[in-house]
Amino acid sequence: MRTLLIVPGLFGTEILDPASGPIWGPFSCLYRGPLIGELPRPREAAGRVLFGISLGPLMLYDIIGALVRQLERAGYHLGKTMFFHAYDWRQRVIEEGPVLAAEIRRLAEASGGPVDLLGLSNGACTLRAAFAADRDLPVERVVLSGAPLAGSVETLSVLNAGFQL
């Protein structure tokens with residue numbers, strides 16, 4: 001089975017600040033801290049990809065956990081044939097392009113052949129930025145799911161300022 005690299009969308013990667021701890025990811029971050037548009041740039045790399053957000057000891061808000069389970073049923077194995085690319089989704093996708101392109105090349109080299117890519121929402125735009133950085137990536141298939149190829153500025157402004165009538 002060919003290696004699959006999944007790039008999550010907006011809010012799909014936790015954002016960590018070494019001095020103040022998590023600023024996106026845990027449930028508590030939904031109700032405290034700065035607005036999304038005011039989050040500071042992390043001093044370290046982005047955290048892990050969020051499969052879900054715990055809403056207490058008995059509840060989990062599923063983000064991409066169901067997708068992972070379906071892909072595992074299809075034969076993929078997390079960490080062997082299925083990988084995720086964590087990135088700071090608040091930054092310009094073009095800045096992430098070379099980083100993602102290097103990760104794609106690393107996975108292709110490790111697996112001995114081309115990889116497949118799945119870009120979820122804004123992750124699809126990030127994949128396009130990887131191809132802009134390196135047009136000869138060793139890729140067999142690319143799937144863009146829910147890609148905001150016409151832009152997502154309105155969505156972000158609603159998240160930052162609220163819905164305006």
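**A parallel strand pair and its surroundings**

In strand β8, V143 stands opposite L118. This pair of residues offers a convenient way into the structure, which is a predicted model. The strands concerned are β7, covering residues 115-120, and β8, covering residues 139-145; they pair in the parallel sense, with 6 bridges between them. Helix α3, made up of residues 122-133, joins with β7 and β8 in a β-α-β unit, and this unit is right-handed.

A reader following strand β7 will also come across D116. This residue counts as buried because its relative accessibility is 7%, and the cut-off for that class is under 20%. The side chain of D116 has polar partners. One is the side chain of R2, which D116 meets in a polar contact of 2.8 Å. Another is found on the backbone: a polar atom of the D116 side chain lies 3.1 Å from the nitrogen of R141. When neighbours within four places in sequence are set aside, the contacts of D116 take in R2, T3, L4 and L5, together with Y76, E140 and R141. E140 and R141 fall within the residue range of β8, the strand that pairs with β7.

Helix α1 can be visited next. It spans residues 65-73, and its buried residues are G65, V68 and L71. These residues lie on the same side of α1, because the arc they cover around the axis is only 125 degrees. Among the elements that cover the buried residues of the helix are three strands: β1 (4-7), β5 (60-62) and β6 (82-84). Just after α1 comes G75, where phi is positive, at about 115 degrees.

With these local features in place, the whole chain can be considered. The protein chain has 4 helices and 8 strands. Read from the N terminus, the order of elements is β-β-β-β-β-α-β-α-β-α-β-α. The protein chain has 165 residues, and 39% of them count as buried. Among contacts with a separation of 6 or more, 72% come from residues 24 or more positions apart. D116 offers an example of contacts across the sequence, as its partners include R2 and T3. Finally, the accessible surface of the protein chain amounts to about 9500 Å², and carbon and sulfur atoms account for 56% of that area.

Conventions. Residues are numbered from 1 along each chain as its sequence is written. This is a predicted model: local features need pLDDT of at least 70, side-chain atom pairs count only at pLDDT 80 or more; totals for chains, interfaces and linings use all residues. Side-chain values use heavy atoms; hydrogens and water are left out. Two strands pair if DSSP finds at least two bridges between them. Helices (H or I, at least four residues) and strands (E, at least two) are DSSP runs, numbered from the N terminus. A crossover is right-handed if, with the strands pointing away from the viewer, the path from the first strand over the helix to the second runs clockwise. Buried means under 20% relative accessible area, exposed over 50%, partly exposed in between (1.4 Å probe, protein chains only). A polar contact is a pair of N or O atoms within 3.5 Å; within protein, one must be able to donate a hydrogen and the other to accept it, and residues adjacent in sequence count only if both atoms are side-chain atoms. Contact means heavy atoms within 4.5 Å. The arc is that of the directions from the helix axis to the C-beta atoms. Accessible areas come from the Shrake-Rupley method with a 1.4 Å probe; for residues, only the protein chains shown count as cover.
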